[in-house]
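User: Please take a close look at one small part of this model, then show how the rest of the model is arranged around it. A single connected account would be best.

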Amino acid sequence: MLAQQLVNGVLLGATYALFALGFTLMFGVLRVINLTYGFYFSAGALLALWMTRAGWPIWAALPAASLGAGVIAVGLDWVLLTRLRRIQAPELSSLMVTLGGVLALYSAATSWLGPDIRRLPPGIVSADAFQFGDVRITTAQLLILLATTILVGALLLLMRGTRLGLAIRAMAEKPDAAQLMGIDTGRVAATVSFISGCLAGAGGVLIGLNFNAIHPYMGEAMMLRGFVVIIVGGLGDIRGALLAGLALGVIEVMTAGYVSSGLKEAVAFLILVVVLWTRPAGLFGRAVLRRA
Amino acid sequence: MPPWLDDFLWTYQNLVHALGINGLLALSMYVVLAVGQLSLGQAAFMGLGAYSSALMTLKLKLPFLLVLPLSVVVPVAFALAVGVPTLRLSGVYLAIATIGLGEVLRAVYLNVDLFGGALGLSGIPQRAETWMIYGLLGLAVLALWLVGRSGIGRAMEAMREDETAAQVMGVPTARYKMGALLASAVLAGLAGCLSAHVSSFIGPNEYAFEPAVTILSYVLLGGIGTPLAPVLGAWVLTLLPELLRGFSDVRLVLNGVIIVLAVLFLPNGLLAVRMKRIGA
């Protein structure tokens, strides 16, 4: 029982980590708490729903929906934030703009599609499960594990091993200096939006698979997890977000299993507040929050 | 009271109540924005006021004149718990924590039996009167107007423009930020208590993300020049869906778009432009 809960928690946490990675990357590089981020999550899930209903297999729908969410992210970032970035507006203005934007997007999507919970077509992922001793792992869970490992691996490789990653990290460190060194910061910003959108979109598809419940507002409930993970991990800290995401998944599953499933959000929030009281820079944070 | 006014108030009772309560909520957002902070906990504070006061009336059978002042206790306690750790950090932390608070409380209301779950609490006696709502609204506008004209008001304006400079000039910024958040929790808590005691029913979804952002759109539409401006913003956005048929479907989309446009193009608020021209 405990081992099973642990495995479920880690797999759930892997999707939380994936979701929060894009969020923290966006903050680390663009220095904006972008609340439209939750909408990319919903958009990824809705796109995958639409594609699988059109008969696409999941292995094609997952990457396509994720890329689609990335494109949406670039577009929204351009509409909402380029002007504020140019006049170097205070961070709360950017936060407010994305807040208004995301309310408009969620409610437009809801009035278009209706608020009902939609389900992926049956049999999109085989219902087989694999038994390892006491632990049972479904095919959907294996897919989640595989997809997160690939995406997180690719992101780490990109950040540490390529010139683009170097440019992104330089821009996170000091945007002005990066520009002076010949980095096209506008393009790097768009690329970061795209990558973040893809990660959120993939997260949406995977959570949609895991719980098989897709609706326009699903990203909103996810944002709470995003906040907890990026603050506990430290704003802009990729490794912190990974660890905090996994931990949150395990804690939620344990709370649901041994206390009450209705309290898992409250436990997540309690962690957020306690961390803000005691270690506001995040559990692994340093005093200066400038990392990506 | 002349009979036509009596008729009018009876027919549009709900709207008249909503205008007053939304005005209070707009002020509750205004006090925080006035010191340059962004809190999205107004709806959550309102919910705490509504649920705690409804429980005091239903379970403890307290008289309303005791329930109304007591309804601020729980919101203020939550404002302290969220405000103390976040206000010493940069502004985004308060915004994040207060958005989270709304989500969490909704989950708690839904899942704890005491709060009635998805059905909410019903059968709350209608004890709040129209004069109480507008009396409190008038008092709040007056108080905020007086504060705005005092030295504290000028210090708040200085903080909004440049927090560091204000701090250097000796403005106790930490104390004012906390004070603003607590005042905001008090106003929202009262609004919640009043709304619970005029509508007889409260549910878990009335105090989450959408209302929180809607309250922000009131203030951004009105602007934060004077305490009357946010109230006007709230009235316009409360009346519009009533006046225009078929409008309520896109109400939330419009609220979101107003915020985007206001921040991008009219940082002083939409109505502020008009008011300057009139000379107010």
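Analyst:
**The hairpin and its setting**

A:Gln131 has A:Arg136, in strand 2 of chain A, as its bridge partner. The model is predicted, and what follows describes that prediction. A second pairing links A:Phe132 to A:Val135, which also belongs to strand 2 of chain A. Strand 1 (residues 129–132) and strand 2 (residues 135–138) of chain A run antiparallel and are joined by four bridges. Two residues lie between these strands in the hairpin, and A:Gly133 there adopts a positive phi near 60°.

The hairpin sits in a chain with eleven helices and two strands. Read from the N terminus, the order of elements in chain A is α-α-α-α-β-β-α-α-α-α-α-α-α. The radius of gyration of chain A is 19 Å, close to the 19 Å that the globule rule gives for 292 residues, so chain A is as compact as a globular protein of that length. Its C-alpha trace spans about 55 × 45 × 35 Å along the principal axes. Of the 292 residues in chain A, 50% are buried. Among contacts in chain A with a separation of 6 or more, 78% are between residues 24 or more positions apart.

One residue of chain A on the exposed side of the burial count is A:Thr82, which lies in helix 3 of chain A. A:Thr82 has 12 C-beta neighbours inside 10 Å and therefore counts as exposed. Its C-alpha atom is separated by 9.0 Å from that of A:Gly186, although the two residues are 104 residues apart along the chain.

Chain B has 14 helices and two strands. With a radius of gyration of 18 Å, close to the 19 Å that the globule rule gives for 280 residues, chain B is as compact as a globular protein of that length. Its C-alpha atoms fill a box of roughly 55 × 45 × 35 Å along the principal axes. Buried residues account for 52% of the 280 residues of chain B. For contacts in chain B with a separation of 6 or more, the share from residues 24 or more positions apart is 79%.

Where the two chains touch, chain A contributes 33 residues and chain B contributes 37 residues. On the chain A side, at least two residues each come from helix 3 (58–86), helix 4 (91–113), helix 9 (218–233) and helix 11 (264–278). Helix 4 of chain A gives the largest share of that side, 14 residues. By type, the chain A side consists of 22 nonpolar, seven polar and four charged residues.

Helix 11 of chain A can be followed into the contact in more detail. This helix has 15 residues and reaches 21 Å from its first C-alpha to its last, close to the 21 Å expected at 1.5 Å a residue. Its buried residues are A:Lys264, A:Glu265, A:Ala268, A:Phe269, A:Leu272, A:Val273, A:Val275 and A:Leu276. An α-helix has 3.6 residues a turn, so residues three or four places apart point the same way. The cover over the buried residues of helix 11 of chain A includes helix 9 and helix 10 (238–258) of chain A, along with helix 5 and helix 6 of chain B.

Helix 5 (residues 73–87) of chain B meets helix 11 of chain A from the other chain. Helix 5 of chain B has 15 residues and extends 20 Å from first C-alpha to last, close to the 21 Å expected at 1.5 Å a residue. Buried residues in helix 5 of chain B include B:Val74, B:Pro75, B:Val76, B:Phe78 and B:Ala79, and, further along, B:Val82, B:Gly83, B:Pro85, B:Thr86 and B:Leu87. Besides helix 11 of chain A, the buried residues of helix 5 of chain B pack against helix 3 (42–58), helix 6 (91–111) and helix 10 (173–199) of chain B.

Confidence should be read alongside this picture. The predictor assigns the complex an ipTM of 0.83 and a pTM of 0.87. In chain B the average pLDDT is 86, and 93% of the residues score at least 70. Over residues 270–280 of chain B, pLDDT stays under 50, and the model has 15 contacts beyond four places in sequence for that stretch.

Key: Residues are numbered from 1 along each chain as its sequence is written. Chains are lettered from A and ligands numbered from 1 in the order in which they are written. This is a predicted model: local features need pLDDT of at least 70, side-chain atom pairs count only at pLDDT 80 or more; totals for chains, interfaces and linings use all residues. Two residues are in contact if their C-beta atoms, placed from the backbone, lie within 7 Å. Ala, Val, Leu, Ile, Met, Phe, Trp, Tyr, Cys and Pro count as nonpolar, Asp, Glu, Lys and Arg as charged, and the others, Gly among them, as polar. The radius of gyration is taken over C-alpha atoms; the globule rule is 2.2 Å times the number of residues to the power 0.38. A residue is buried if 20 or more other C-beta atoms lie within 10 Å of its own, exposed if 12 or fewer, and partly exposed in between; C-beta atoms are placed from the backbone. The expected span of a helix is 1.5 Å times one less than its number of residues. Two strands pair if DSSP finds at least two bridges between them. pLDDT is the predictor's confidence in each residue, from 0 to 100.
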